[in-house]
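Biologist: I should like to learn how the features of a structure are read. Please take me through some of them.

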Amino acid sequence: MSLEFLASLFAGLAVPTLAIVGQGRAPAPLAHTYSIVARDPKTGELGVAVQSHYFSVGPIVPWAEAGVGAVATQSLVLVDYGPLGLDLMRRGKTAKQALDSLLAADPHNEGRQVAMVAAHGAVAAYTGKSCIPDAGDVQGEQFSCQANLMANAKVWPAMKAAYGSAQGDLAERLMQALEAAEKAGGDIRGRQSAAILVVKGEASGKPWNDVEVNLRVEDHDRPLVELRRLLRLRRAYNLEDQGDAYTSEKKAAEASRSYDEAMKMAPDVVELQFWAAVTMYWNGRKPDALALFKKVFAREARWVPLVERLSRVGLFPTEPRPAAEVKAAVAEVQAQATKGAPW
C-alpha cells in the first residue's frame, strides 16, 4: 500500500468535530486523554479503554477488531489511525509497520498520539513532539499506556503499574488502569467521558458476536464511576443471557446458577430478579421463585401480566396450579400494599 494511497485515504476519511487549527495545519478534534491498549496473553482478547475531558470520546479514540488488533488514537486526533491501522494489521502488517506507515502519510503527525497492539501481542506507540505536556507513553508485555495534557507525568506510569498487578479478566484490568490514572492526577482539565471496548482474540466471521464489552459514558461528572457501574451491569446481563442459553438447552441447574449470580451482581435490577424467578419455578425451586415473584411485584407491578403472557408461548407452566400460585403471590402483595397507594 503506497504512501500516496494512504494519504488519499486520510484526506477522505478525516471528519473533525470540535477542532483546533494552528498556523499552516489541518483541523483536528481535541481528544486529549489517557488510554490503554492491550492483549490478554491467556485469552487473546484485545481491548482499549479511555477517559477524557471531551464529550463522547467513545466513537473517537478506541478501535478494536477480533483477530486483528486494537488502536487508540488521541491528542490532536486523526480518527483515521483507528480504522486504517486495523486494516493494515488485517492485511498482515505488524503494529509497528502499520503505525509507521500511517505516520509517514500524515503531514501533521507531530500532534498525534497513537498506540496499537496486534493480534499476536506486539505493540507500537507514538507521542508527537507537539502533544501538549504532560504527555508520554509506556509499554509492557502486550500493552501500551499513553496520555497527554495530564496534570503530571506520573499518570501513564501509574497505569502501567496498575494494569501489570491487576487481577481479573481483560476488561477489569483495563478498568483498573484507568482508575489508577485518575488517582495519579488524570487530565489537567478534569473529566467528562470514558469508554471501554473488548473483543475476542479470534474472529468468528460474525463481527457482531465478537464484541465482549462495548461501553460508553458520553458526559458525566464522574465518568469512571459510571463506567464501572455499567461494567457491573454488563457482567450481570451476560450472566442472564447465559442463563437464557442454558434454559433453551434444558440445562436447568446451570441456568439457575447463572440467574442467581446475575441477580446477586445487580440486586437493583428488577428484570434480572423476574427472570431468575421464572427459571427457579421451572426448575422446581417454587418456594424461592414465589418469594422472588412477590419481591418483584411489590417493587414494580408492571411485571405481573408478563407471567400469563409467557405461559401463552410456553415459557411458563400453563397448568392451573402455577397460575393459581402466581395469582396468590400477587394477591398477597396487593394486600400488604399501603391502602390508597398506587400499585
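Modeller: What follows treats confidence, then a helix, then a strand.

Modeller: This is a predicted model, in which local features need pLDDT of at least 70, side-chain atom pairs count only at pLDDT 80 or more, and totals for chains, interfaces and linings use all residues. Residues are numbered from 1 along each chain as its sequence is written, and side-chain values use heavy atoms, leaving out hydrogens and water.

Biologist: What is the mean pLDDT of the chain?

Modeller: pLDDT is the predictor's confidence in each residue, from 0 to 100. Its mean over the chain is 89, and 89% of the residues reach 70 or more. Over residues 9–26, however, the pLDDT is below 50. Where pLDDT is low, the predicted coordinates should not be read in detail.

Biologist: Which residues of helix H3 are buried?

Modeller: An α-helix has 3.6 residues a turn, so residues three or four places apart point the same way. In H3 (residues 95–104; helices, H or I, at least four residues, and strands, E, at least two, are DSSP runs numbered from the N terminus), Ala95, Ala98, Leu99, Leu102 and Leu103 are buried. They cover an arc (of the directions from the helix axis to the C-beta atoms) of only 125°, which puts them on the same side of H3. On the other side, Lys96 and Ala104 are exposed. Buried means under 20% relative accessible area, exposed over 50%, partly exposed in between (1.4 Å probe, protein chains only).

Biologist: How many residues of strand S11 are buried?

Modeller: In a regular strand the side chains alternate between the two faces of the sheet. Seven of the seven residues of S11 (residues 193–199) are buried, so the strand is largely enclosed by the rest of the structure. Ser193, Ala195, Leu197 and Val199 point one way, and Ala194, Ile196 and Val198 the other.

Conventions. Contact means heavy atoms within 4.5 Å.
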